[in-house]
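User: I've got a structure open and would like to talk through how it's put together. Can you take a few questions?

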Amino acid sequence: MDTVVKVILGCFIFVMLTDCEKIRNQQEDNLPSGSSIECIIYNVTSLNCSWYPAMTECQSTLGFWQMGQVKECPVYLKDNRRGRNKCHFQSISIIRDVQFTVQINVSVSLLPNLSFSQMFEPYEIEKLNPPLDFRYSLKKESFSLFWKPPPTKDPIMKNCFVYQLIIKGMDSKHKENITLNEKTSYTTETDITKRYAFKLRVRGTKDCGFGNIWSEWTEETYEGTGKYSDVLIFTSLATLTLILTLILLYVFKRYKLIDKIFPAIPHPKEKMAEWFLNFGKGERDYCQRLQVPVEVI
């Protein structure tokens with residue numbers, strides 16, 4: 001029984017060592033380029049790195065070094081879809097204009113340790129955040145879009161940014177793909193009865209040392225989603241009502257319909273004065289009719 005266990009254990013160790021030896025040979029073939037390491041800076045201070053392959057039999061550790069700053073990976077992850085090991089730095093201080101080095105140490109029992117490293121230019125692997133405060137303003141038959149540059153660790157000139165703007169018609173196949181260098185606004189004509197969607201993203205220019213990594217898109221902004229159509233409908237109804245009112249006033253005046261519908265009311269003071277005059281005269285006439293002749297002796 002002990003012999004069987006030893007044989008099985010020996011086979012397992014042999015397979016494990018063989019797999020790690022293959023990994024070692026593959027990595028040694030790639031050295032010193034270290035091309036299997038991929039890193040990206042995002043959210044200004046976060047860093048993700050991954051390397052191949054992700055074998056559970058081999059233990060891998062990652063170290064970060066820049067200008068005397070040495071950091072060991074705080075969080076290790078597995079990317080099963082791509083078959084890679086991953087390291088995540090939630091917050092790390094990276095000097096943007098100085099290269100940093102990432103070193104991978106692979107170890108397994110009974111085999112010499114394998115180390116391979118790669119140097120990175122921070123700007124080349126930085127993924128900027130989306131532009132800030134993306135908004136629009138409608139003026140008559142045109143609208144203007146405004147935004148602010150993305151947040152960065154160090155101040156960066158406006159001409160170091162390239163923006164990509166998408167304007168899409170929601171009720172048609174209309175679509176505009178616009179590239180803007182350093183600008184933080186855009187104005188174009190529009191039909192306020194139509195609906196549009198806008199989104200924006202940014203990347204750094206190669207002249208400023210950036211790579212070709214675009215940021216995520218801003219949240220889509222919608223314009224003309226019934227709001228401005230309601231204004232047009234209200235304006236049309238108000239104009240139609242005014243025209244009909246003017247026509248009715250003309251007809252009433254032309255055929256004197258106002259006098260027929262609303263006859264004049266006599267003035268009450270004149271009627272009361274006439275009544276008092278008539279009242280006194282009537283009483284006198286009545287008294288005269290009742291007078292009896294008196295015989296004079």
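Here are some questions and answers on the cores, a sheet and one serine.

User: Which strand supplies the largest share of the largest nonpolar core?

Analyst: Keep in mind that this is a predicted model. The largest nonpolar core has 22 residues, and Leu-47, Leu-62, Phe-100 and Val-102 have the most contacts inside it. Several strands supply at least two residues each, including β1, β2 and β8. The largest share, 4 residues, comes from β7.

User: How many residues are in the other core?

Analyst: Look apart from the largest core and you'll find another one. Its members include Trp-147, Phe-161, Tyr-163 and Val-202. The count for that core is 18 residues.

User: Which are the edge strands of the open sheet of 5 strands?

Analyst: Walk across the sheet and the order is β5-β6-β2-β1-β9, with mixed pairing. An edge strand here pairs on one side only. That picks out β5 (75-79) and β9 (126-127).

User: Which residue in β9 stands opposite Tyr-42?

Analyst: β1 and β9 run parallel, joined by 2 bridges. β1 covers 38-42, and Tyr-42 has its opposite number in β9. That residue is Lys-127.

User: Is Ser-50 buried or exposed?

Analyst: Ser-50 lies in strand β2. Leaving aside neighbours within four places in sequence, Ser-50 is in contact with residues including Ser-36, Ile-37, Arg-82 and Asn-85. The cut-off for buried is under 20% relative accessible area. Ser-50 has 7% relative accessibility, so it counts as buried.

Terms used: Residues numbered from 1 in each chain as written. Predicted model: local features only at pLDDT ≥ 70, side-chain atom pairs only at ≥ 80, totals over all residues. Heavy atoms only, no water. Core = buried A, V, L, I, M, F, W, Y, C linked by side-chain atoms within 4.5 Å. Buried < 20%, exposed > 50% of the residue type's maximum accessible area, 1.4 Å probe, protein only. Pairing = 2+ DSSP bridges. Contact = heavy atoms within 4.5 Å.
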